[in-house]
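Subject: Structure handover

Hi,

Here is the structure I promised to pass on, with the sequence alongside. Have a look first, and my notes follow below.

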Amino acid sequence: MTSRRNFLGGAGAITGAVAAASVGKAAMAALPEPVTQSKPDTMAPLVPTTGRPYNPVVTLNGWTLPWRMNNGVKEFHLVAEPVVREMVPGFKAHLWGYNGQSPGPTIEVVEGDRVRIFVTNKLPEHTSVHWHGQRLPNGMDGVGGLTQKHIAPGKTFVYEFEARRPGTFMYHPHADEMTQMAMGMMGFWVTHPKGGHPLIDRVDRDFVFLLGSFDIEPGAYTPKIMTMLDFNLFTFNSRVFPGIDSMNVRKGDKVRIRVGNLTMTNHPIHLHGHEFLVTGTDGGPTPRSTRWPEVTTDVAVGQMRQVEFIADEEGDWAFHCHKSHHTMNAMGHEVPTMIGVDHRKVAREITSLIPDYMVMGERGMADMAEMEMPLPDNTAPMMSGEGPFGSMEMGGMFTVLKVRRDQKPGDYKNPSWFQHPAGTVAYEFTGSLPPAPRANTPGTGSMPARMAPNNKEVEVQVRKPKSGHSGH
Ligand SMILES: [Cu+2]
């Protein structure tokens, strides 16, 4: 729940910043009471009741930070602190974040707003906050050691600047970055245009989220911060599928999706069923002459992309990173490929010694999604997500864009699965078929029972020893 204290509203219902008049001068001189959020749900957009009007964004599995107006200045209070983030029901991670969550709350302001952000450090080490992409005085840029002193544990620093240009931004520490970003410290920032803008269209739905990656061993709670490349959890806003909420829209809605990448690799983000235009980056809205239709846009490390499209095809459309390993959850990668290897004999022998022994991957890995495999207490299944036709065999950076004709205006609650019109679903061919390759005898194409008769062709699978391992 959003904790509401003092005069700040919560993220769902909101009053944004209630009348400053009801609060005394002394209170305004004091630190704004921090607002925290412990629920991992997608909270309703925070409709502004003070300051300039704007159309709020939807933070996927997140929320927007309320503010108070103080003599025309929008005041926010960020608290950097250890948090517990539910990445998917059944799997909690011990991360660092802001105001109770990783990522921290989205900050939404309007072009021209004067913004004052109090940052309190409740971490065990110093930190700072860098306002990625903003035009601001150099001393407000948040690079510890370069543009300011680090914020020591227990201290509060104040950042103040004008939100000079509209666009899609993010914030993150610029202090012990390797640790602090690997632990989940990041947040989204949207500066809405003041009035109309020639390059920024009005949209009906405006989704925002950050890409993250973590290395948490199955059964563990805390990310391994030294990992450079081999992460095992790939997240939208520190959630993995099926823990990521669907994006629910009405047929015909103009939709914007804004994505920022704070992982260690690029993510080609792919939408099914529609074409989109890249309408902006963290550098601002793109000139219209540079926009062309795409269905995948690569978001490189430290980049942000905003895409727009008209959701004019009804259905449940997959939306995901196109790197297949990024749509899977915690697993070991050091597993040899077993496709085509006939395990039956060896499996029988091992099973007599180890009753739970399981053969993995001889027909591909799809079985993993259905298999009743004992998992450690705190982890996410590797591939999962139950759909109307079975397991989706997905995890990580994956969600569904749900486009519905009957989604009522203003009501974007999660509809049930798409009801396909008769005759529009791929169906099974019922004529006569050649024998299936899974026939229960050795000697099929993928599992030859013996060598070719001439005895010359011998297929050998060589596995290279891994560098760094002993014996190499
Ligand atoms: Cu990816």
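In what sense do β3 and strand β4 (residues 91–98) pair, and over how many bridges? They pair in the antiparallel sense, over eight bridges. Before I go further, please keep in mind that this is a predicted model.

**Around β3**

Strand β3 covers residues 73–88 and is mostly covered, with 12 of its 16 residues buried. Its pairing with β4 places R85 opposite A93. The two strands make a hairpin with two residues between them, and G90 in that turn has a positive phi of about 95 degrees.

β3 also pairs with strand β2 (residues 68–70), again in the antiparallel sense, here over three bridges. In this pairing N70 of the structure stands opposite V73 in β3. β2 and β3 form a hairpin too, with two residues between the strands; there, N71 takes a positive phi near 55 degrees.

The pairing of β3 with strand β6 (residues 114–121) is parallel, and eight bridges join these strands. If you want a spot to look at, E75 stands opposite R116 in β6. As a general reminder, strands of a sheet pair through backbone hydrogen bonds, either parallel or antiparallel.

**A four-stranded sheet**

Next is an open sheet of four strands, in the order β5-β10-β9-β7, with mixed pairing. Its edge strands are β5 (107–110) and β7 (130–132), each of which pairs on one side only. Ignoring direction, neighbouring strands of this sheet are turned by 25 degrees against each other on average.

Within the sheet, strand β9 (residues 167–172) and strand β10 (residues 187–192) run antiparallel and are joined by five bridges. Y171 has G187 in β10 as its bridge partner.

**A five-stranded sheet**

Further along the chain, what is the order of the strands in the open sheet of five? The order is β13-β23-β20-β15-β18, and the pairing is mixed. β13 (247–250) and β18 (296–299) stand at the edges with a single partner strand each, so one side of each has no neighbour in the sheet. From one strand to the next, the twist averages 20 degrees.

Inside this sheet, strand β15 (residues 267–271) pairs with strand β20 (residues 315–321) in the antiparallel sense, over three bridges. There, I269 stands opposite C321 in β20.

Happy to go through any of this with you on screen.

Best wishes

Notes:
Residues numbered from 1 in each chain as written. Predicted model: local features only at pLDDT ≥ 70, side-chain atom pairs only at ≥ 80, totals over all residues. Buried ≥ 20, exposed ≤ 12 C-beta atoms within 10 Å, placed from the backbone. Pairing = 2+ DSSP bridges. Axes fitted to C-alpha atoms, helices over the stretch in contact; angles between N-to-C directions.
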